[in-house]
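Here are some short exercises to work through with the model open beside you. Try each one yourself, then compare your steps with the solution.

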Amino acid sequence: MAATAAGRLQGDQCERDWIWEREIETAPWEETRRLSVAAWERQYRRIRESSPFYARKWREAGVGASFVSLGDLSQLPFTTKQDLKEAIDETPPFGSNLCVSPDQVKRVYQTSGTSGVPSVLALTRGDMETWTIMGTRTYYATGIHEHSSVLTTFGAGPFVAGHTHFVLLRIGTRSVPVAPGDTERVIFGLRAGLADTLLSTASFAQYLANRLEKTDERTPAQLTHVVTGGEPGGGIPTIRDHIQRVLGVTVTEVMGIGDVAPSLFGECPLQQGMHFCGAGHVWVELVDPESREPMEIETGAVGELAYTALTREAMPVVRFLGGDIVRIEGTSCECGRTTFRQRVIGRRDDMFIARGANIYPSAILAIVGDFRPRVTGRARVVRKGPETSIEPPIPIEVEVADSGQPDPGLAAEIESAVHSRLLFRSRVELIPESDFGAAGYKTRLTRNDPSTHRGEG
Ligand SMILES: [Zn+2]
């Protein structure tokens with residue numbers, strides 16, 4: 001491979017630099033830090049003066065009146081999703097953390113809300129631009145260039161993923177928007193050759209691969225690149241390999257956090273984990289998932305990411321715990337970017353403890369994927385209550401094709417594979433596609449079942 005091709009998708013012959021903001025994305029760590037230190041000084045003063053939410057939070061945590069530098073950030077308390085929800089409830093509609101006057105709010109997204117009650121995200125014109133900058137670095141990093149034709153199923157709103165349309169416009173791609181969940185139109189668009197790139201959840205890409213494999217339908221020849229987001233599947237080898245093989249594409253993944261930026265991490269075509277793309281605008285810390293003590297961002301480290309908005313105007317967050325547990329894959333890359341790379345291991349909420357070991361459901365997905373084509377690749381853990389520690393056998397639901405023949409030995413074989421690799425017993429239940437839930441959206445890796453027992457007869 002020629003040196004100039006290190007950051008490009010296979011077959012991409014374009015002349016354009018494969019790094020959107022080379023100066024920032026390849027800067028030595030010290031320079032990024034210096035930029036961030038300066039941004040934080042301004043941001044700290046602004047938050048202190050204009051956010052009643054943080055002013056009180058910091059006072060309650062015993063933070064004095066003096067400046068807290070970026071290096072001493074761990075003196076400030078973490079912010080959780082629950083904190084932000086309370087801030088909204090306190091002063092609706094934008095909350096007690098709105099740091100600008102309401103007439104400066106120029107765009108409002110909504111979140112689905114964990115308890116079913118939506119929450120809002122307010123942006124100033126400047127915030128929209130900042131999100132677009134970070135998103136452009138992110139999607140450009142995956143190999144999407146001006147000459148790409150991109151089919152997306154993201155609506156314009158209410159969710160933050162809709163911001164991606166601004167990003168695609170900035171890169172200058174051809175954009176082919178399709179309504180969320182309109183599977184047939186996605187397939188039509190790809191067959192018709194309208195797009196060479198698909199942005200979707202990993203679940204949807206998997207669904208597409210299963211469907212084309214099963215029915216011998218023609219694979220859309222022009223499709224060369226699938227970018228997955230919204231859930232960790234695209235980074236799990238068995239899932240990724242299957243999508244790549246059946247669709248004949250390169251799979252890269254992206255990730256964002258609604259309260260921070262909808263696109264913040266993008267994987268380059270070298271497929272070694274997602275590069276951090278928020279340098280200068282977002283400060284990231286890695287913290288121990290149990291003790292919450294700061295950890296070094298170094299290859300192999302596993303922890304939870306905490307985010308601080310350095311330039312956000314309307315609703316800045318400080319030390320926001322995003323709930324994702326990640327593994328740091330490296331701090332440099334052959335593509336030239338110097339930003340760290342990570343892969344999501346799982347959601348903190350989805351973690352459970354079996355026989356003393358921390359388990360993320362993505363580890364189960366990786367095992368279940370080996371049983372394809374007897375399974376579709378989707379699976380989830382059934383939780384009976386809020387306890388983190390679960391007594392084996394762990395109930396697991398595994399999706400199988402509706403039209404499949406009965407496969408009597410399958411459940412036992414999966415149970416045995418889980419036992420030999422993760423060292424706990426499980427009870428596998430095979431669920432037909434039609435009962436498992438729509439594949440177009442994110443698949444929750446955990447299903448909460450408050451009933452004591454599911455009937456087996
Ligand atoms: Zn790279």
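Which residue stands opposite Tyr109 in E2?

**Exercise 1. Follow a strand pair into a helix**

Task: find the partner of Tyr109 in E2, then decide how enclosed E2 is.

Solution. A word before starting: this is a predicted model.
- Step 1: Locate the two strands. E1 covers residues 107-111 and is joined to E2 by 5 bridges, with the strands running antiparallel.
- Step 2: Read across the pair. Tyr109 stands opposite Leu121 in E2.
- Step 3: Check burial along E2, residues 119-123. Here a residue is buried if 20 or more other C-beta atoms lie within 10 Å of its own. Of the 5 residues of E2, 4 are buried, so the strand is largely enclosed by the rest of the structure.
- Step 4: Move on to helix H5, residues 125-141. Burial reaches 13 of its 17 residues, so H5 too is largely enclosed by the rest of the structure.

**Exercise 2. Check the length of two helices**

Task: compare the span of H5 with the expected value, and do likewise for H11.

Solution.
- Step 1: For H5, take 1.5 Å a residue. The 17 residues should span 24 Å, and because the end C-alpha atoms are 24 Å apart, the two values agree.
- Step 2: For H11, residues 410-422, the helix has 13 residues. From the first C-alpha to the last, H11 reaches 18 Å, close to the 18 Å expected.
- Step 3: Look just past each helix end. Gly143, just after H5, takes a positive phi of about 110°. Just after H11, Leu423 has a positive phi of about 65°.

**Exercise 3. Walk across the sheet**

Task: how many strands does the open sheet have, and which ones sit at its edges?

Solution.
- Step 1: Count and order the strands. The open sheet has 12 strands in the order E4-E3-E5-E6-E7-E8-E9-E14-E13-E12-E10-E11, and the pairing is mixed.
- Step 2: Name the edges. Strand E4 (174-177) and strand E11 (294-295) each pair on one side only.
- Step 3: Look for a parallel pair. E5 (residues 197-200) and E6 (residues 225-228) run parallel and are joined by 4 bridges. Within that pair, Leu199 stands opposite Val227 in E6.
- Step 4: Look for antiparallel pairs. E10 (residues 282-287) is joined to E12 by 6 bridges and runs antiparallel to it, with Val282 opposite Ala309 in E12. E10 and E11 also pair in the antiparallel sense, over 2 bridges, and Val287 has Pro294 as its bridge partner in E11.
- Step 5: Add a helix. H6 (residues 164-171) lies across E3, E4 and E8, running at about 55° to E8.

**Exercise 4. Hunt for unusual backbone**

Task: where are the cis peptide bonds, and which non-glycine residues take a positive phi?

Solution.
- Step 1: Begin with omega. The bond from Pro92 to Pro93 is cis, with omega near 0°, and Pro93 is found in the loop between helix H4 (81-90) and E1.
- Step 2: Find another. A cis peptide bond also joins Gly157 and Pro158; Pro158 is found in the loop between E3 and H6.
- Step 3: Turn to phi. Arg319 is not a glycine, yet has a positive phi of about 55°. Arg319 lies in the loop between strand E12 (302-309) and strand E13 (320-330), and counts as partly exposed because it has 18 C-beta neighbours inside 10 Å.
- Step 4: Return to Leu423, which is in the loop between H11 and strand E19 (426-432). With 13 C-beta neighbours inside 10 Å, Leu423 counts as partly exposed.
- Step 5: Finish in the hairpin of E10 and E11, which has 6 residues between the strands; Arg292 takes a positive phi near 65° there.

**Exercise 5. Describe how two domains meet**

Task: which element gives the most to the side of domain 1 that touches domain 2?

Solution.
- Step 1: Set the bounds. The domain assignment gives domain 1 (34-281) and domain 2 (351-452).
- Step 2: Note the separation. Their centres, taken over C-alpha atoms, are 28 Å apart.
- Step 3: Count both sides. The contact takes 19 residues from domain 1 and 17 residues from domain 2.
- Step 4: List the elements of domain 1 that give two or more residues: helix H8 (202-215) and helix H9 (237-247). H8 gives the most, with 7 residues.
- Step 5: Sort by class. This side of domain 1 has 7 nonpolar, 9 polar and 3 charged residues.

Technical notes:
Residues are numbered from 1 along each chain as its sequence is written. This is a predicted model: local features need pLDDT of at least 70, side-chain atom pairs count only at pLDDT 80 or more; totals for chains, interfaces and linings use all residues. Two strands pair if DSSP finds at least two bridges between them. Two residues are in contact if their C-beta atoms, placed from the backbone, lie within 7 Å. Axes are lines fitted to C-alpha atoms, for helices over the stretch in contact, and angles run from 0 to 180 degrees between N-to-C directions. The expected span of a helix is 1.5 Å times one less than its number of residues. Domain bounds come from an automatic or database domain assignment. Ala, Val, Leu, Ile, Met, Phe, Trp, Tyr, Cys and Pro count as nonpolar, Asp, Glu, Lys and Arg as charged, and the others, Gly among them, as polar. A residue is buried if 20 or more other C-beta atoms lie within 10 Å of its own, exposed if 12 or fewer, and partly exposed in between; C-beta atoms are placed from the backbone.
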